[in-house]
Amino acid sequence: VLDEISSQEKNIDLLKKAIMDEEGPMMVAQTRLDTRTKRPNVELVRDPAQYRLVSEVKEITDNVNRLQQTLAQAEAELRGLRRNQLSLEEEIEIKTNSLYIDDVQCMNLRNSISVNHF
């Protein structure tokens, strides 16, 4: 479980880095599109360059949304793994306590009872 948690944390870090890496190209594409639509003394023209900029912004936005969804799923899985880890640790603690009771407290009672007398 610890290895899975460590792996999931690395995966989450990589997803966060990937989302941050997409912010730069997104800002560049949005700035180009904004600059192109606000050119002075030029009619608003829908040419191949305009369509490509629009599709580029949409593509980057879709990539970021997909990465954010994957990040949310990874974080949910990490929470589940941590809950599982806590549950396992609690079970280990209970079993350790049970073994202690059996070995230390009950063993004295068992040793004092002689089986030959029955």
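Leaving aside its neighbours within four places in sequence, which residues is Leu71 in contact with? Select Leu71 in this predicted model and display what surrounds the side chain: with those sequence neighbours left out, the residues in contact with Leu71 are Ile12, Leu15, Lys16 and Ile19.

**First stop: the core around Leu71**

Keep Leu71 selected and add Ile5, Ile12, Leu15, Ile19, Leu67, Ala74, Leu78 and Leu81, and you will have on screen the largest nonpolar core of the model, which has 9 residues in all. Colour the selection by helix, and you will find that helix H1, residues 2–37, and helix H2 each supply at least two residues of this core, with H2 giving the most, namely 5 residues. Apart from this core lies another one, of 7 residues, and to find it you can select Ala29, Leu53, Ile60 and Val64, which are among its members.

**Second stop: Lys16, beside the core**

Return to Leu71 and move from there to Lys16, a residue of helix H1. In sequence Lys16 and Leu71 are 55 residues apart, while in space their C-alpha atoms are separated by 7.4 Å. When neighbours within four places in sequence are left aside, Lys16 is in contact with Leu71 and also with Glu75. Is Lys16 buried, partly exposed or exposed? Its relative accessibility is 40%, and Lys16 therefore counts as partly exposed, since that class covers the values between the 20% limit for buried and the 50% limit for exposed.

**Third stop: Glu9 and Arg82**

A search of the whole structure finds 5 salt bridges, and three of the pairs can be visited in turn, beginning with Glu9 and Arg82, whose closest N and O atoms are 2.4 Å apart. This pair links distant parts of the chain, for Glu9 belongs to helix H1 and Arg82 to helix H2, with their positions 73 residues apart in sequence. If you show the molecular surface here, Glu9 should appear as partly exposed, at a relative accessible area of 31%, and Arg82 is likewise partly exposed, at 39%.

**Fourth stop: Arg36, Asp47 and Gln50**

Next, select Arg36, which has its place in helix H1, together with Asp47, and draw the distance between the two side chains, which meet in a salt bridge at 2.4 Å, N to O. Here too the pair links distant parts of the chain: Asp47 is in the loop between H1 and H2, Arg36 is in helix H1, and the two are 11 residues apart. What is the relative accessible area of Arg36, and is the residue buried or exposed? The value is 17%, and so Arg36 is buried, the limit for that class being under 20%. Asp47, by contrast, counts as partly exposed because its relative accessibility is 23%.

Widen the selection around Arg36, leaving aside neighbours within four places in sequence, and the residues in contact with it are Asp47, Ala49, Gln50 and Leu53. Of these, Gln50 deserves a selection of its own: the residue has its place in helix H2 and is buried, with a relative accessible area of 5%. Its side chain makes a polar contact with the side chain of Arg36, at 3.0 Å. Under the same exclusion of sequence neighbours, the contacts of Gln50 are Leu33, Arg36, Thr37 and Val45.

**Fifth stop: Asp34 and Lys38**

From there, go to Asp34 and Lys38, whose side chains meet in a salt bridge with an N to O distance of 3.4 Å. Asp34 is partly exposed, with a relative accessible area of 36%, whereas Lys38 is exposed, with a relative accessible area of 61%.

**Last stop: a nonpolar patch on the surface**

Finally, switch to a surface display and select Tyr100, Ile101 and Val104, which form a nonpolar patch with about 250 Å² of accessible area together. Val104 is found in helix H2, which spans residues 48–112. With a relative accessibility of 38%, Val104 counts as partly exposed.

Methods
Residues numbered from 1 in each chain as written. Predicted model: local features only at pLDDT ≥ 70, side-chain atom pairs only at ≥ 80, totals over all residues. Heavy atoms only, no water. Patch = residues over 30% accessible without salt bridge, like charges linked within 9 Å, V, L, I, M, F, W, Y side chains within 5 Å. Areas by Shrake-Rupley, 256 points an atom, 1.4 Å probe, with all protein chains shown as cover. Salt bridge = Lys/Arg side-chain N within 4 Å of Asp/Glu carboxyl O. Helix = DSSP H or I, 4+ residues; strand = E, 2+ residues; numbered from the N terminus. Buried < 20%, exposed > 50% of the residue type's maximum accessible area, 1.4 Å probe, protein only. Core = buried A, V, L, I, M, F, W, Y, C linked by side-chain atoms within 4.5 Å. Contact = heavy atoms within 4.5 Å. Polar contact = N/O pair within 3.5 Å; in protein donor to acceptor, adjacent residues only side chain to side chain.
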